[in-house]
Amino acid sequence: MKHYYLISTAGYPNFGDEQIVRNWLAFFKKNHAHDQITLDVPFPARSSLLFKDEFPNINFVDTIWNLIYAGDDAGATLEDPVTLIHLLEGDISWGLKT
């Protein structure tokens with residue numbers, strides 16, 4: 001069984017993003033029905049309601065989105081990736097402004 005990790009903004013009130021995810025899920029259902037998908041979206045609960053019946057083995061998370069929000073709070077930049085590395089390692093307190 002393969003595992004695919006998809007990242008999307010689906011779940012916001014934007015029907016274009018939801019249609020893109022539905023097309024991908026239809027592709028995977030046709031070509032990789034026995035594999036597993038993790039869909040990383042800003043609002044997993046909302047997306048699970050929208051897509052739960054689209055693919056048999058799908059999980060909904062917000063990992064990347066939490067990293068983005070934490071990185072923004074910590075002042076992370078692409079020019080100085082140390083803060084992002086700390087956040088990826090689970091040190092969410094790194095660089096937070098007090």
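I will go through a helix, a set of aromatic rings, a loop residue and a surface patch in this structure, which is a predicted model.

Let me begin with helix H2, which covers residues 44-51 and whose buried residues are Pro 44, Ser 47 and Phe 51. When one looks down the axis of H2, these buried residues fall within an arc of 65°, so they line one face of the helix. On the other side of H2 we find Ala 45 and Leu 49, both of which are exposed. As for what covers the buried residues of H2, the cover includes helix H1, residues 15-31, together with strand S2, residues 36-40, and strand S3, residues 58-61.

That brings me to the aromatic rings, some of which sit in H1. A pair of aromatic rings is described by the distance of the centres and the angle of the planes. Searching the whole structure gives 4 aromatic pairs. In one of them, Trp 24 and Phe 27, the ring centres are 5.9 Å apart and the planes stand at 90°, so the pair is edge-to-face, given that an angle over 60 degrees counts as such. These two residues are 3 residues apart in helix H1, and therefore separated by about one helical turn. Trp 24 has a relative accessibility of 44% and so counts as partly exposed, and Phe 27, with a relative accessible area of 39%, is likewise partly exposed. Through ring pairs, Trp 24 and Phe 27 are also linked with Tyr 4 and Phe 28 into a cluster.

Phe 28 leads us on to Ala 33, which lies in the loop between H1 and S2. If we leave aside residues up to four places away in sequence, Ala 33 touches Phe 28, Phe 55 and Pro 56. How far apart are Ala 33 and Phe 55 in sequence and in space? They are separated by 22 residues in sequence, while their C-alpha atoms are 7.6 Å apart in space. At 30% relative accessibility, Ala 33 counts as partly exposed, because that value lies between the 20% limit for buried residues and the 50% limit for exposed ones.

Finally, I would like to turn to the surface, where Tyr 12, Phe 43, Ile 68 and Tyr 69 make a nonpolar patch of about 360 Å². Of these residues, Tyr 12 is placed in the loop between strand S1, residues 3-7, and H1, and with a relative accessibility of 35% Tyr 12 counts as partly exposed.

Note on methods: Residues are numbered from 1 along each chain as its sequence is written. This is a predicted model: local features need pLDDT of at least 70, side-chain atom pairs count only at pLDDT 80 or more; totals for chains, interfaces and linings use all residues. Side-chain values use heavy atoms; hydrogens and water are left out. Buried means under 20% relative accessible area, exposed over 50%, partly exposed in between (1.4 Å probe, protein chains only). Helices (H or I, at least four residues) and strands (E, at least two) are DSSP runs, numbered from the N terminus. The arc is that of the directions from the helix axis to the C-beta atoms. Contact means heavy atoms within 4.5 Å. Patches are made of residues with over 30% relative accessible area and no salt bridge: like charges are joined within 9 Å, nonpolar side chains (Val, Leu, Ile, Met, Phe, Trp, Tyr) within 5 Å. Accessible areas come from the Shrake-Rupley method with a 1.4 Å probe; for residues, only the protein chains shown count as cover. A salt bridge is a side-chain nitrogen of Lys or Arg within 4 Å of a carboxyl oxygen of Asp or Glu. Rings of Phe, Tyr and Trp (its six-membered ring) pair if their centres lie within 6.5 Å; planes under 30 degrees apart count as stacked, over 60 as edge-to-face and the rest as tilted.
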